[in-house]
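Colleague: I should like to learn how to read the setting of a single side chain in a model. Could we begin with one residue and then turn to the whole chain?

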Amino acid sequence: MAGAGHRRRVARSSTLVIGDDPDLLPSVLRLCAVAGREVEVVALPAQGRAAWALADDVLVLASAVPGCVEAGLRRRDGVSVIATADDTVPWRAVLALGADAVVPLPGGEADLLDRLARPSAPAGSAAVVGVLPASGGAGASVLAAGLAVAAVRRGAAAVLVDADPDGCGADLLLGAEDVAGARWPQLADAGSGLAAETLRAALPSAHGVHVLAVDRSSADGVPAGAAAAVVACAASGFDLVVVDLPRGRPDILDALLPSCATVLLVCTDDVRGAAAASRQARRLAPSARAEVVVRTLPGASLDAAELPGWLGLPAAAEVAHDPRLLAALDRGEPPGAPRSRLGKVCDALVPRWL
């Protein structure tokens, strides 16, 4: 094996290791030896430019990740970040690098050996379900969160993507607002090279649902240019992707509607809700397979059952008004509890996409 101060030509079936963390490097080299890999170690990322494209695998120690980005090393397959339990993972840099995974040592030895021994299996593509409000207060964000919770209840891996920069935040709906992890600003530079496992490891989760939310402490919203690539990446790494779509951001809608296998247009059964839904239905007609979810309101003047036909769209579901829902959300309970009205609707809808 080559030491940190030596360089040699990268051979076939080789591994490039970048970094000189004394707590990680010996373990990484030992595991590479077990896997029968030839290894080149460079202490500084700039020293690895030539080998970066030639090595079969690249292992970047966590402390060297920002330096790799600064050195201009481009996205490639087969990159893993190795971190200790005490490391603060630089998620923005990890995502920019396009790493396949963050592997902890100790604890992740079997995972790392598996990565060195065989290529990753090709990923499939999950259904992407967009949830779009016809008007403010229609309950689309709550429905989106409820669908993700219901999918997890069925044993599926679900991610809730918050694409509405003007909303309350999907992480807040799930009680994950204080959970560490990547938000949209950290994904602003993400492209098609983003790895599903990296995205999954970076996102916070609550109640079993991974969530990509806006950052309420940042002025940056949802990067329309990166949104489609991030959703496509999520579809390759989860069983269901639920996207909370914005009603007043045409740039984000134009970017994400083509990714959606189904768009649920959520409207209320009053005159204002129906008028707003009519405008959205016309917008959706040319680009998305849309269905209507009607949320009934106490004393509303319209017949909820007739509203989808008036809009010219098929009916997906009707969600009855539940006066207990707001109190449950304020208590930090996730939307879509099994015996709730919303939960029963979500449990009925989710099997269509799994």
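Modeller: Let us begin with one contact in this predicted model. The side chain of R37 reaches the backbone oxygen of S14 at 3.4 Å.

Colleague: With which side chain does the side chain of R37 make a polar contact?

Modeller: The partner is the side chain of D57, at 2.6 Å. R37 thus has a backbone partner in S14 and a side-chain partner in D57.

Colleague: Where along the chain does R37 lie?

Modeller: R37 belongs to the loop that links α1 (25-34) to β2 (38-42).

Colleague: Is R37 buried or exposed?

Modeller: One compares the relative accessible area with a cut-off: under 20% counts as buried. R37 has a value of 14%, so it is buried.

Colleague: What share of the residues of the chain count as buried?

Modeller: Of 354 residues, 53% fall in that class. The accessible surface of the chain amounts to about 15300 Å², with 52% of it supplied by carbon and sulfur atoms.

Colleague: How should I read the overall fold and its contacts?

Modeller: One may start from the secondary structure, which comprises 14 helices and 13 strands. The C-alpha trace spans about 80 × 35 × 35 Å along its principal axes. Among contacts with a separation of 6 or more, 73% join residues 24 or more positions apart.

Colleague: How many positive and negative side chains are there?

Modeller: The chain carries 32 positive and 39 negative side chains, and the centres of these two sets are 4 Å apart.

Methods:
Residues numbered from 1 in each chain as written. Predicted model: local features only at pLDDT ≥ 70, side-chain atom pairs only at ≥ 80, totals over all residues. Heavy atoms only, no water. Helix = DSSP H or I, 4+ residues; strand = E, 2+ residues; numbered from the N terminus. Buried < 20%, exposed > 50% of the residue type's maximum accessible area, 1.4 Å probe, protein only. Contact = heavy atoms within 4.5 Å. Areas by Shrake-Rupley, 256 points an atom, 1.4 Å probe, with all protein chains shown as cover. Lys, Arg positive; Asp, Glu negative; His and termini not counted. Charge placed at Lys NZ, Arg CZ, Asp CG, Glu CD. Polar contact = N/O pair within 3.5 Å; in protein donor to acceptor, adjacent residues only side chain to side chain.
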